[in-house]
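Thanks for coming. I would like to take you through one protein this morning, a few places at a time. Please have a look at it first.

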Amino acid sequence: MFTHLLLDLDNTLYPASAAMDRGITTRMLHFTAELLGVSYEQAVKERERRLPNYGTTLEWLRSEHGLTDTDAYFAAVHPPQEIEELTPDPHLRSLLQSFALPMTVLTNAPEIHALRVLDFLNVADLFTGIYDIQSNGFKGKPYPQAYLTAIEGAGSTVSETLFFDDHKKYTDGYVHIGGTAVLVKQQSGIDSAVSQVHADSDAKTYVISSVYDIPALLARLARSH
């Protein structure tokens with residue numbers, strides 16, 4: 001039985017269709033192009049080529065291109081005006097409250113971005129903690145310690161924690177350490193999604209279309225226990 005929810009932030013608590021997703025990616029690529037001294041188009045291609053080897057763009061730039069000024073990176077990718085790219089969700093707060101479970105945020109973004117988004121969505125006080133990319137020395141998801149630090153900080157365990165993210169790389173990372181994950185992808189909904197059992201684990205990955213499918217998923221999981 002799950003007694004703790006560990007949630008990603010971007011494209012999970014708000015939909016991937018939001019302008020913020022495009023904004024973050026565009027600013028990240030402009031920063032990359034400037035750092036590498038290449039065109040924007042070349043930066044896009046190089047990131048696509050190298051990112052599969054790393055957890056994040058930041059890790060790639062630090063490892064292969066000598067990026068040391070992480071504050072400059074975060075300032076460029078997450079400026080204060082980024083919040084203008086989000087749309088208020090008046091129903092999100094009541095939805096999260098209805099879960100009646102402790103919740104923690106695990107994000108590969110910096111804490112200042114997480115707080116900005118959570119405050120805008122009026123849900124910051126509903127989370128027991130925020131674990132950002134700096135919590136584990138800039139090695140966030142899908143590294144095992146990123147999940148474990150957040151879970152241990154919440155006083156929970158992997159077996160008791162249900163993890164939500166919009167990136168398969170990160171849900172796979174959680175399943176790899178024995179957890180149960182939920183991939184949040186915009187599609188037709190939970191009933192049309194087949195739960196996937198990974199060959200190397202007894203844990204499962206479920207697929208839902210948005211956080212608004214979580215009540216149905218929790219009910220389904222409760223019936224299976």
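Thr-171 is buried, with a relative accessible area of 0%. Keep in mind as we go that this is a predicted model. Thr-171 sits in helix 8, which covers residues 168–176. What does Thr-171 touch, once its neighbours within four places in sequence are set aside? The contacts are Phe-163, Asp-165, Ala-181, Val-182, Leu-183 and Thr-205. Ala-114, on the other hand, is 57 residues from Thr-171 in sequence, and the two C-alpha atoms are 19 Å apart.

Now the overall division. The protein is split into domain 1, residues 4–15 + 88–222, and domain 2, residues 19–83. Their C-alpha centres are 24 Å apart. To the contact between them, domain 1 gives 19 residues and domain 2 gives 18 residues.

Ala-18 is the next stop. Ala-18 belongs to the loop between strand 1 and helix 1. Is Ala-18 buried or exposed? Ala-18 counts as buried because its relative accessible area is 13%, and the cut-off for buried is under 20%. Neighbours within four places aside, Ala-18 is in contact with Glu-85 and Leu-86. Along the sequence, Ala-18 and Glu-85 are 67 residues apart, yet C-alpha to C-alpha the separation is 7.1 Å.

On to the nonpolar cores. In soluble globular proteins, nonpolar side chains tend to be buried together. The largest nonpolar core here has 47 residues, and the members that touch the most others are Leu-13, Tyr-73, Leu-96, Phe-127, Leu-162 and Phe-164. Both domain 1 and domain 2 contribute at least three residues each to this core. Another core, of twelve residues, lies apart from it, and includes Tyr-147, Tyr-170, Val-175 and Ala-181. You have met Ala-181 already, as one of the contacts of Thr-171.

Let me stay with Tyr-73 for a minute. Not counting residues up to four places away in sequence, Tyr-73 touches Met-28, Phe-31, Thr-57, Leu-58, Leu-61 and Leu-67. Tyr-73 also takes part in a helix pair. Helix 3, residues 57–64, packs with helix 4, residues 70–77, at an angle of about 145 degrees, and the axes are 12 Å apart. The crossing of these two helices is right-handed. Which residues make the contact? From helix 3 they are Thr-57, Leu-58, Leu-61 and Arg-62, and from helix 4 they are Thr-70, Tyr-73 and Phe-74. By type, the residues of this contact are four nonpolar, two polar and one charged.

Next, helix 6, residues 111–120. Its buried residues are His-113, Ala-114, Arg-116, Val-117 and Leu-118. These buried residues pack against helix 1, strand 2 and strand 3. Just after helix 6 comes Asn-122, with a positive phi near 60 degrees.

That brings me to the backbone. Most residues other than glycine have a negative phi, and most peptide bonds are trans. Asn-122 is one residue that goes the other way on phi, as I said. Asn-11 also has a positive phi, of about 65 degrees, although it is not a glycine. Asn-11 lies in the loop between strand 1, residues 4–7, and helix 1, residues 19–36. With a relative accessibility of 9%, Asn-11 counts as buried.

Phe-138 has a positive phi too, near 70 degrees. Its place is the loop between strand 3 and helix 7. At 18% relative accessible area, Phe-138 is buried, since the limit is under 20%.

That loop, running from strand 3 at 129–131 to helix 7 at 144–153, also holds Pro-142. Is the peptide bond from Lys-141 to Pro-142 cis or trans? The bond is cis, with omega near 10 degrees.

One last residue, for contrast with the buried ones. Gln-97 is in helix 5, residues 92–98. Why does Gln-97 count as partly exposed? Its relative accessibility is 45%, and partly exposed runs between the 20% limit for buried and the 50% limit for exposed. Gln-97 and Phe-120 are 23 residues apart in sequence, with 17 Å between their C-alpha atoms.

To close, go back to where we began: Thr-171 in helix 8, with a relative accessible area of 0%. I will leave the structure up while we talk.

Conventions: Residues numbered from 1 in each chain as written. Predicted model: local features only at pLDDT ≥ 70, side-chain atom pairs only at ≥ 80, totals over all residues. Heavy atoms only, no water. Core = buried A, V, L, I, M, F, W, Y, C linked by side-chain atoms within 4.5 Å. Buried < 20%, exposed > 50% of the residue type's maximum accessible area, 1.4 Å probe, protein only. Domains from an automatic or database assignment. Contact = heavy atoms within 4.5 Å. Axes fitted to C-alpha atoms, helices over the stretch in contact; angles between N-to-C directions. Helix = DSSP H or I, 4+ residues; strand = E, 2+ residues; numbered from the N terminus. Left-handed = near helix turned anticlockwise from the far one by under 90°. Nonpolar A, V, L, I, M, F, W, Y, C, P; charged D, E, K, R; others polar.
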